[in-house]
Each structure stands twice: as structure tokens, then as C-alpha cells.
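The following exercises treat accessibility, ionic pairs, packing and strand pairing. Each task sentence is followed by a solution that proceeds step by step.

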Amino acid sequence: MAPSQRIVFVANTSWSIYKFRLYVIRKLVEKGFDVYVLAPRDPYTDRFEKLPGLTYIPLSHFNARSISPVEDLRLYRELLSHYRALRPDLIFHFTIKANIFGSLAAAKAGVPAISVITGLGYAFAAKGWLQSVAGVLYRRALRQTKEVWFLNEDDRRVFISRRLVPESKTFILPGEGVDTDTFFPAPYPPEKKDVTFLLVARVIRHKGIYEFAAAADQLIRQGLPIRCQLLGISDANNPVAIPMEEVAGWEQNKILTYLGYTDDVPPFIEQADCIVLPSWREGLPLSLLEGASMAKALIAADTPGCRSVVDDGKNGFLCREKDGPDLARKMTAYYRLGASDKRQMGLNGREKVLREFTCERIFGIYLQKICTYCC
């Protein structure tokens with residue numbers, strides 16, 4: 001590998017770089033690559049900005065929630081200017097706007113790029129003109145990329161069936177990688193009567209939080225000794241955000257406990273018994289992977305992304321999508337398991353993570369693909 005090879009990561013937030021891709025970036029730096037991160041500045045930028053071997057370049061025109069063609073044109077021109085100046089050997093784009101306008105800019109600059117579809121997002125969840133426009137833009141942009149990566153087979157099939165990308169160009173990346181040393185199983189507690197269910201997610205409808213609250217209410221009314229907890233950031237500017245007044249109401253009625261938001265997730269997973277995520281759709285949910293890595297049983301909706309992590313009956317249970325009563329049934333089923341069966345579910349999940357989803361494995365895939373196009 002030439003020491004001057006330049007690899008660029010482009011994302012809609014610095015937070016996502018810090019949360020999901022810092023391990024890969026650090027390992028690439030250790031291997032001698034010059035790594036550049038292009039993302040808007042946010043409170044997480046300074047956590048990696050001064051990392052030796054990494055150059056951070058702020059993006060001024062990346063407005064992830066805007067649907068203004070003028071703003072998108074500004075983003076395209078901004079990225080094109082950076083790509084022409086940097087002349088990188090390979091670019092990785094993440095999230096819809098980076099994948100569309102970044103891919104178009106990379107093609108114009110004559111630079112190879114890989115698009116990583118981390119989830120389908122609201123453009124695909126919403127029917128109508130927005131979905132149609134997203135499809136047209138994706139089809140044009142992805143024509144220019146070397147490869148298109150997906151985090152689960154369901155999303156890949158959506159893009160292939162809609163003819164947004166040829167199947168020969170697609171690849172399944174098994175998640176963003178789990179740090180199995182940080183997310184390590186704690187000593188298993190002795191058998192106890194009460195059970196704590198924990199949901200880790202942004203406080204938005206699509207994560208199945210209403211279903212979780214309904215299931216919690218049902219189980220509490222049945223008199224089961226359970227605790228239901230919600231850990232995640234309040235995404236107030238999101239169009240599908242759940243008002244914090246409703247969350248406060250659930251707390252007041254003792255349906256669930258809102259734990260706020262933290263970057264230090266392991267202590268909260270450690271004190272829980274079972275990790276729940278009745279999400280409507282995911283790329284590959286990190287909260288489930290982290291919970292499994294700590295040998296916790298999982299309960300999730302039988303939806304894209306979630307079903308890639310949960311083997312029903314083995315490391316957890318799958319419930320029907322948008323179905324609070326069925327979620328309550330699966331939570332009850334977990335509650336009624338014996339201590340040894342609960343422990344075995346957790347151990348099965350840990351084994352699955354070690355086999356399929358470690359940071360080391362994900363970095364190996366990145367390195368192999370980089371060498372395919374650069375080395």
C-alpha cells in the first residue's frame with residue numbers, strides 16, 4: 001500500500017462517525033492510510049477531530065432534513081470542490097444525501113466511491129412523490145458507484161426489485177461492528193422474580209416505542225413484577241418524534257421509566273435482563289447487537305434488520321410489527337422462562353455476535369474492499 005493513499009468518509013453527522021465508524025477509521029490510520037472525514041460539525045466532532053492521521057473537513061451545506069433543491073445543489077458543489085482538491089483513492093458515502101449527491105460529485109470528479117445504505121429512511125417509508133423522487137435520484141447516483149453496500153438482505157432486495165441498482169453491484173455488510181470487549185457479559189445474577197426490559201433508541205414512533213408502552217401497561221395490569229425502561233435521545237426536530245410530554249405521562253402512570261440519553265450504554269444494558277426493539281424497520285440495529293454481545297436475550301419486531309439479529313426462540317423472540325399485544329405476549333414468554341433458559345438465550349446471542357458482527361470482522365471487510373480498488 002502506498003503511504004499517500006487517501007480514504008474519505010462522508011456522513012450527515014459527526015455523531016454517526018463517532019458512534020459507528022471510529023474503530024474502522026482508527027485501524028485504517030494504523031495501517032498507514034490518510035483518512036479524511038467530511039461531515040457537519042456537531043458536539044461529537046472534537047472527539048475525533050485531533051486523531052493523528054485523520055483530517056476532518058466540516059460540511060456547511062449538509063442539511064439532512066431539508067428537501068430544498070437549492071440546498072442540495074449547494075451540497076453537491078461543496079462535495080465536488082473537496083473531492084477535486086483531495087483527489088482521494090476511495091470514498092465511502094453514508095445516508096441518503098451523501099449517497100446521492102456525494103456519488104454524483106465523486107463521478108464528476110473522477111473518484112471511485114462506495115455507497116453504504118444504512119437504512120431506507122423516511123424517503124422510502126413515506127409513499128408518494130418523495131419516494132418517487134428518491135428512487136429517481138438513487139438510480140442515477142448509484143449508477144456511478146463501484147459498489148452499493150446494505151446492512152440487511154431485505155433492503156438489498158428492495159433496491160434490486162425497484163431497479164435502483166444491479167444485483168451484481170450489491171454487497172451485504174454485516175453491520176457497523178460491535179466492540180465485544182466493551183460490551184462484555186457481566187456475571188449472571190441469581191434467579192429472581194422481577195424482570196427489567198430495556199429499549200435503547202431515539203424517541204420516535206418508528207422505533208416501536210408506542211407498542212413498547214402499550215405492552216408494558218398490559219403486563220403491569222396483569223400484575224407481573226416487571227420494569228420497562230427507555231434509554232435514548234429526544235429527537236424533537238424529527239417529524240415522527242414522540243412528544244416528551246407523552247413520555248412524562250408514561251412515567252407518571254408508572255408504565256415505564258425514561259433514563260434520558262448517554263454515550264455510556266453498557267451499565268444500563270448490564271442491569272437489564274432483556275433488550276427490546278419493536279422497530280418498524282432497521283438497517284442492522286446496534287442496540288440489539290450490543291445487548292446480545294452482553295449476553296442479554298432480545299425481543300424485536302419481525303422486520304428488516306431486526307430479524308437479521310434475532311433468531312426466534314434461540315437468542316430471543318420476534319413479535320409482529322406494530323402489534324403491542326403480541327409484543328406483550330413475547331415479553332411474557334421471556335418472563336416465564338426458567339433462569340437457565342434465560343441465560344442460554346443470552347449466551348446464544350453472545351456467540352452469534354462473536355461469529356458474525358465483531359468490529360474486527362467489519363474492519364477486515366473494509367480493508368479487503370479498499371485493497372480491491374486501491375492497492
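**Exercise 1.** Assign an accessibility class to Glu 356 and to Lys 352, then describe how the two side chains are related.

*Solution.* Step 1. Glu 356 has a relative accessibility of 21% and therefore counts as partly exposed; the classes are buried (under 20% relative accessible area), exposed (over 50%) and partly exposed in between, with a 1.4 Å probe and protein chains only. The model is a predicted one, in which local features need pLDDT of at least 70 and side-chain atom pairs count only at pLDDT 80 or more, whereas totals for chains, interfaces and linings use all residues. Residues are numbered from 1 along each chain as its sequence is written, and side-chain values use heavy atoms, with hydrogens and water left out.

Step 2. Lys 352, at 7%, falls in the buried class.

Step 3. Both residues belong to helix α12 (residues 339–356), where they are four residues apart, about one turn of the helix. Helices (H or I, at least four residues) and strands (E, at least two) are DSSP runs numbered from the N terminus. An α-helix has 3.6 residues a turn, so residues three or four places apart point the same way.

Step 4. The closest N and O atoms of Glu 356 and Lys 352 are 3.4 Å apart, and the pair forms a salt bridge, meaning a side-chain nitrogen of Lys or Arg within 4 Å of a carboxyl oxygen of Asp or Glu. Glu 356 also forms a salt bridge with Arg 355, at 3.5 Å. Elsewhere, shared partners link Arg 320, Asp 323, Asp 326, Arg 329 and Lys 330 into one salt-bridge network.

**Exercise 2.** How many salt bridges are counted, and which parts does the pair Glu 176 and Arg 21 tie together?

*Solution.* Step 1. The count is 24 salt bridges.

Step 2. In one of them, Glu 176 meets Arg 21 with an N to O distance of 2.9 Å. Glu 176 lies in the loop between β7 (170–172) and β8 (195–200) and Arg 21 in helix α1 (residues 14–30), so the salt bridge ties together parts 155 residues apart in sequence.

Step 3. Glu 176 and Arg 21 are both buried.

**Exercise 3.** Identify the residues with the most contacts inside the largest nonpolar core.

*Solution.* Step 1. A nonpolar core is a set of buried Ala, Val, Leu, Ile, Met, Phe, Trp, Tyr and Cys residues joined through side-chain atoms within 4.5 Å. The largest has 87 residues, and Phe 9, Phe 92 and Phe 197 have the most contacts inside it.

Step 2. Beyond its neighbours within four places in sequence, Phe 92 is in contact (heavy atoms within 4.5 Å) with residues including Ile 7, Phe 9, Val 116, Trp 149 and Tyr 366.

Step 3. Another core, of 34 residues, lies apart from the largest one and includes Leu 38, Ile 57, Phe 101 and Phe 159.

**Exercise 4.** Compare the expected span of helix α2 (residues 69–86) with the distance between its end C-alpha atoms, and state what its buried residues pack against.

*Solution.* Step 1. The expected span is 1.5 Å times one less than the number of residues. The 18 residues of α2 should span 26 Å, and the end C-alpha atoms are 26 Å apart, which agrees.

Step 2. Among the buried residues of α2 are Asp 72, Leu 75, Glu 78 and His 82. The buried residues pack against β1 (6–10), β2 (34–39), β3 (54–58), β4 (90–94) and α3 (96–109).

Step 3. Just after α2, Arg 87 has a positive phi of about 50°.

**Exercise 5.** Which strands pair with β12 (residues 297–301), and why is β12 described as largely enclosed?

*Solution.* Step 1. Five of the five residues of β12 are buried, so the rest of the structure largely encloses this strand. Ala 297, Ile 299 and Ala 301 point one way, Leu 298 and Ala 300 the other.

Step 2. Strands pair if DSSP finds at least two bridges between them. Strand β11 (residues 274–277) runs parallel to β12, joined by four bridges, and Leu 277 has Ala 300 as its bridge partner. Strand β13 (residues 316–319) also pairs with β12 in the parallel sense over four bridges; there Leu 298 stands opposite Gly 316.
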